Amino acid sequence: MPEGPELHLASHFVNEACRGLVFGGCVEKSPISRNPEVPFESSAYHISALARGKELRLTLSPLPGAQPLREPLALVFRFGMSGSFQLAPSDALPPHAHLRFYTAPPSPRLALCFVDIRRFGHWELGGKWQPGRGPCVLLEYEQFRENVLRNLVDKAFDRPICEALLDQRFFNGIGNYLRAEILYRLKIPPFEKARTVLEALQQRRPVRMQGGRHAPISEDQQRSPELTLSQKIRAKLQNPDLLELCHSVPKEVVQLGGKGYGQESGEEDFAAFRAWLQCYGMAGMSSLRDRHGRTIWFQGDPGPLAPKGGRPHKKKSKGAQQSPEDKMENPPPPSKAPSKTRRARRGLPEQTTAQQPKRTSLQQDPGVSPVTEKGKRRGRQASGFCRPQRIKADTSSLETEGTSAS
């Protein structure tokens, strides 16, 4: 799902793609979208974008002399699970384009489209950032760091660090893949208590190299003129803490360009991102589900707050054969001796294939699960349709943004 870097890349795309374009007319919403209508009409306007954390603000600015006279309008987007912006010819709109901004005639008309396959994305009129979100990890690093360390008494930090990192009140822009990459680089168990990890940063001092190892600098050493500014900067770069990585790791994704996170294996825009990943979904890494049902990828010990009874699953590389150890850990279920049929128990001869009653078309369909004897006794009818699984929608809760959010 789109996280902070993807929103920033999307804002960059909108600003670059729309530079020099003049839009005109009404804003068009697809009839199936449950998001609000956008009551905006202008004969000529520009579009610009700005991202903050997991939100993107789109501003529609009428040009001088445009009719009717009106003030600029701003919308704030949250991308949900699959939101993105695309620029396409007006006569070849992409599927799932739920909001469309058309360029003004007479030139060949284009449309800036908000595309959202799963329809968990949302937009709101007015341009105000969602209340309660913390400072952006990318653009407001100092405020972000201060906000976290000042609020460590909050009950959010009683939880495992992997869950706290999804709380957008404190980590606005961090999502599922970012938390895995950040914790992996620091070798922090994902289910270590968040406060335990972060309290040490309140007393953090600059460090310098001593005999090839990192050593804390005392108060006297900090006042010593021997430690130059360049040495402090170098030491900080060599030993980033968790909050610093919450800023620098998303920044790395933005600097990759392209579209950032994406699972479409055939798209070149996502190739650099997949090559950049070290932990998330990678072969050899283990995974567990947190209490919100999100999968956290890690290496080594999961930590003391790991779900009870949860067994880490290790991802194998494609085409890898099971080792003898794997086969021992996951033995096949014991085979059961074939039980006697009802006719055999009654002492009746078994029916041959020719004597067996003809099956219905539904029962003949290999994709249909057979009806159990228990179901038959209760009178339930066989059906050719499986009950669809419910997909948990984005609740937009700031504490569980990662479940939407990532």
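This report describes the fold, the packing and the charged pairs of one protein chain.

## Overview

The structure is a predicted model. Its chain has 406 residues, of which 41% count as buried. The secondary structure comes to 13 helices and 13 strands. About 23800 Å² of the chain is exposed, and carbon and sulfur atoms supply 53% of that area.

## The eight-stranded sheet

Eight strands form an open sheet with antiparallel pairing, in the order β5-β7-β6-β1-β2-β3-β4-β8. At its edges stand β5 (83–89) and β8 (122–125), each of which pairs on one side only. From one strand to the next, the twist averages 30°. In general, the strands of a sheet pair through backbone hydrogen bonds, either parallel or antiparallel.

Several of the pairings can be followed residue by residue. Strands β2 and β3 are joined in the antiparallel sense over eight bridges, and Ala49 has Leu58 of β3 as its bridge partner. The hairpin of these two strands has two residues between them, and Gly53 takes a positive phi near 60° there. On the other side of the hairpin pairing, β3 also meets strand β4 (residues 73–78), again in the antiparallel sense, over five bridges. Here Leu56 stands opposite Phe77 in β4.

Another antiparallel pair consists of strand β6 (residues 97–103) and strand β7 (residues 110–116), with five bridges between them. Phe101 has Leu112 of β7 as its bridge partner.

## Helix α1 across the sheet

Helix α1 spans residues 4–17 and lies across four strands: β2 (41–52), β3 (55–62), β5 and β7. Relative to β2, helix α1 runs at about 150°. Helix α1 is also among the elements against which the buried residues of helix α4 pack.

## Helix α4 and its surroundings

How enclosed is α4 by the rest of the structure? Nine of its 11 residues are buried, so helix α4 is largely enclosed. The buried residues are Asn176, Tyr177, Leu178, Arg179, Ala180, Glu181, Ile182, Leu183 and Tyr184. They pack against α1, α3 (161–164), α8 (242–256), α9 (271–276) and β12. After the helix comes Lys187, which has a positive phi near 55°.

One of the buried residues of α4, Arg179, forms a salt bridge with Asp290, and the closest N and O atoms are 3.0 Å apart. This pair links distant parts of the chain: Arg179 belongs to helix α4 (residues 176–186), whereas Asp290 lies in the loop between β11 (286–289) and β12 (295–298), 111 residues apart. Both partners are buried: Arg179 has a relative accessibility of 0%, and Asp290 has a relative accessible area of 5%.

## Helix α2 and its contact with α5

Helix α2 packs with helix α5 (residues 194–202) at an angle of about 115°, and their axes are 10 Å apart. The crossing of α2 past α5 is left-handed. On the α2 side, Arg145, Val148 and Leu149 make the contact, while α5 contributes Leu198, Leu201 and Gln202.

Helix α2 also holds a salt bridge between the side chains of Arg150 and Glu146, at 3.4 Å from N to O. What is the separation of Arg150 and Glu146 along helix α2? The two residues are four apart in the helix (residues 141–150), which means that about one helical turn separates them. Glu146 counts as partly exposed, at 49% relative accessibility.

## Other charged pairs

Side chains of opposite charge can pair when their charged atoms come close. In the whole structure, a search finds 14 salt bridges. Among them is the one in which the side chains of Arg169 and Asp167 meet at 2.7 Å, N to O. Are the two partners buried or exposed, in whole or in part? Arg169 is partly exposed, with a relative accessible area of 22%, whereas Asp167 is buried, with a relative accessible area of 0%.

Salt bridges also link Glu55, Arg78, Glu124 and Arg133 in a network. Glu55 falls within strand β3 (55–62), Arg78 within strand β4 (residues 73–78), and Glu124 within the edge strand β8 (122–125).

Methods: Residues are numbered from 1 along each chain as its sequence is written. This is a predicted model: local features need pLDDT of at least 70, side-chain atom pairs count only at pLDDT 80 or more; totals for chains, interfaces and linings use all residues. Side-chain values use heavy atoms; hydrogens and water are left out. A salt bridge is a side-chain nitrogen of Lys or Arg within 4 Å of a carboxyl oxygen of Asp or Glu. Buried means under 20% relative accessible area, exposed over 50%, partly exposed in between (1.4 Å probe, protein chains only). Accessible areas come from the Shrake-Rupley method with a 1.4 Å probe; for residues, only the protein chains shown count as cover. Two strands pair if DSSP finds at least two bridges between them. Axes are lines fitted to C-alpha atoms, for helices over the stretch in contact, and angles run from 0 to 180 degrees between N-to-C directions. Contact means heavy atoms within 4.5 Å. A crossing is left-handed if the near helix is turned anticlockwise from the far one by less than a right angle, and right-handed if clockwise.
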